[in-house]
Amino acid sequence: MSVAYDDSIGVEVSSDSFWEVGNYKRTVKRIDDGHRLCTDLMNCLHERARIEKAYAQQLTEWARRWRQLVEKGPQYGTVEKAWTAVMSEAERVSELHLEVKASLMNEDFEKIKNWQKEAFHKQMMGSFKETKEAEDGFRKAQKPWAKKLKEVEAAKKAHHAACKEEKLAISREANSKADPSLNPEQLKKLQDKVEKCKQDVLKTKEKYEKSLKELDQGTPQYMENMEQVFEQCQQFEEKRLRFFREVLLEVQKHLDLSNVAGYKTIYRDLEQSIRAADAVEDLRWFRANHGPGMAMNWPQFEEWSADLNRTLTRREKKKATDGVTLTGINQTGDQSLPNKPSSVSSYEKTQSYPTDWSDDESNNPFSSTDANGDSNPFDEDTTSGTEVRVRALYDYEGQEHDELSFKAGDELTKMEDEDEQGWCKGRLDNGQVGLYPANYVEAIQ
């Protein structure tokens, strides 16, 4: 890249300068770039809106899945409520992110789209009206000066050629003086050639200086005209820059959930729900519903009745479908607490707590075999009904020793239908029998 030195400012001025012929095209191209940047910003917001929507859907799915797991799991009481409050937070935040998505697309995206349509006007030939106007304005402002510049370049070339010819003529004349074979007539021709070249140098120099002077005289007007067109382009670009700033501030407001009153309320409610968890209250509830505080039908003396053909054993009482009427019931324990629907584990769902006591070893739930974990409570049961092959939809890790664990896509056999608490009894292909959540599998067609 060639450069020229400007003594007035004392720095090198690049030939890539705006004032060079044709270099205004970068300013013209900026108008086309402005249209493309509007499209880029719309694509940017559209992609962010998709992310907001996907995140909201993931939060909702996560909350739904874990709410079911917590409700069906062994956690109970106020801590269970605190835990499910976390899922409520996710559902409410999901709604806010859907609102963000809607704001980005319905407000910001549409605002940019409408501004772009109003600011840029497409022509039949494919270019924009604003681009063509700037191109024509610069070309018109530069044309007279460019014409004079062309004349200067031509005069400069002619003058430099004359100087070169003069130098060659002088060199030939000097060499001829040392050559005795040349006659006086030949020497006279060489001298005339030198004189003619000097005259040509003077003429071309005068023309070069004149054209350069005319160019200098036209430069101020050239600069004024170019500045005028450039300022129009600057004003157009300023509108775009200010519009982008305005839109980005709107985007910031839509993305900043901390400024949403409902957002702060979500976490205030979550904190209150968690702080409301009371270990003492939960322990008191468990004591009343599953511990020493439970009512007990203590053994009483019963008169013999002819209607009773035999004495029901503990196991027969447990299997009876119509129930047994007992007399002389005494209730003990903490009865002042209100009963709460029990949130039980899968192990509790399959266990029947005893109504009377027997020292029969086979009926003792704390026998050595069970205590050591060497038996499966399902080993003694035989499969009833029709077995169905099912496929796991999700991964599940058993939380109790009597629950099955499997991965999404695994196949197993459903041995019993879903109970009222949403659990099924099944068997893995390795022979292990246990419980699993019914909504985690689907029947294989």
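Is Y396 buried or exposed? I looked this up in what is a predicted model, and at 8% relative accessibility Y396 counts as buried, because the cut-off for that label is under 20%.

**Entry 1, the ring partner of Y396.** I then turned to W423, whose ring centre lies 6.4 Å from that of Y396, with the two planes at 70°, so I noted the pair as edge-to-face. I placed Y396 in the loop between β3 (388-392) and β4 (411-416), while W423 belongs to strand β5 (residues 423-427), and the pair links distant parts of the chain, 27 residues apart. W423 is buried as well, with a relative accessible area of 4%.

**Entry 2, aromatic pairs elsewhere.** I searched the whole structure for aromatic pairs and found 19. One of them joins W19 to Y222 in an edge-to-face arrangement, for which I noted 5.9 Å from centre to centre and 65° between the planes. W19 sits in the loop between β2 (11-14) and α1, Y222 sits in helix α4, and 203 residues separate the two. I also looked up their accessibility: W19, at 25%, counts as partly exposed, whereas Y222, at 3%, is buried. Both residues belong to one aromatic cluster, which I wrote down in full as F18, W19, Y24, F138, W145, Y222 and F230.

**Entry 3, α1 against α4.** Because Y222 had led me to helix α4, I looked next at how α4 (residues 184-255) runs relative to helix α1 (residues 25-72), and found that their axes come within 10 Å and cross at roughly 10°. An angle under 35 degrees counts as roughly parallel, and α1 and α4 are therefore described that way. On the α1 side I listed the contacting residues as T27, R30, I31, G34, L37, C38, L41, L45, R48 and E52; on the α4 side they are F230, C233, Q234, F236, E237, R240, F244, V247, L248, V251 and L255. I noted that the residues of this contact divide into 13 nonpolar, 3 polar and 5 charged. F230 appears in this list and is also a member of the aromatic cluster in my previous entry.

**Entry 4, charges over rings.** Staying with α4, I checked R240 and F244, both of which are listed in the contact with α1, and found the charged end of R240 over the ring of F244, 4.8 Å from its centre. I recorded another such arrangement at K122, which lies over the face of F128, at 4.5 Å from the ring centre.

Conventions
Residues are numbered from 1 along each chain as its sequence is written. This is a predicted model: local features need pLDDT of at least 70, side-chain atom pairs count only at pLDDT 80 or more; totals for chains, interfaces and linings use all residues. Side-chain values use heavy atoms; hydrogens and water are left out. Axes are lines fitted to C-alpha atoms, for helices over the stretch in contact, and angles run from 0 to 180 degrees between N-to-C directions. Angles under 35 degrees count as roughly parallel, over 145 as roughly antiparallel, 65 to 115 as roughly perpendicular and the rest as oblique. Contact means heavy atoms within 4.5 Å. Ala, Val, Leu, Ile, Met, Phe, Trp, Tyr, Cys and Pro count as nonpolar, Asp, Glu, Lys and Arg as charged, and the others, Gly among them, as polar. Rings of Phe, Tyr and Trp (its six-membered ring) pair if their centres lie within 6.5 Å; planes under 30 degrees apart count as stacked, over 60 as edge-to-face and the rest as tilted. Buried means under 20% relative accessible area, exposed over 50%, partly exposed in between (1.4 Å probe, protein chains only). A charge sits over a ring if NZ of Lys or CZ of Arg is within 6 Å of the ring centre and within 35 degrees of the ring normal.
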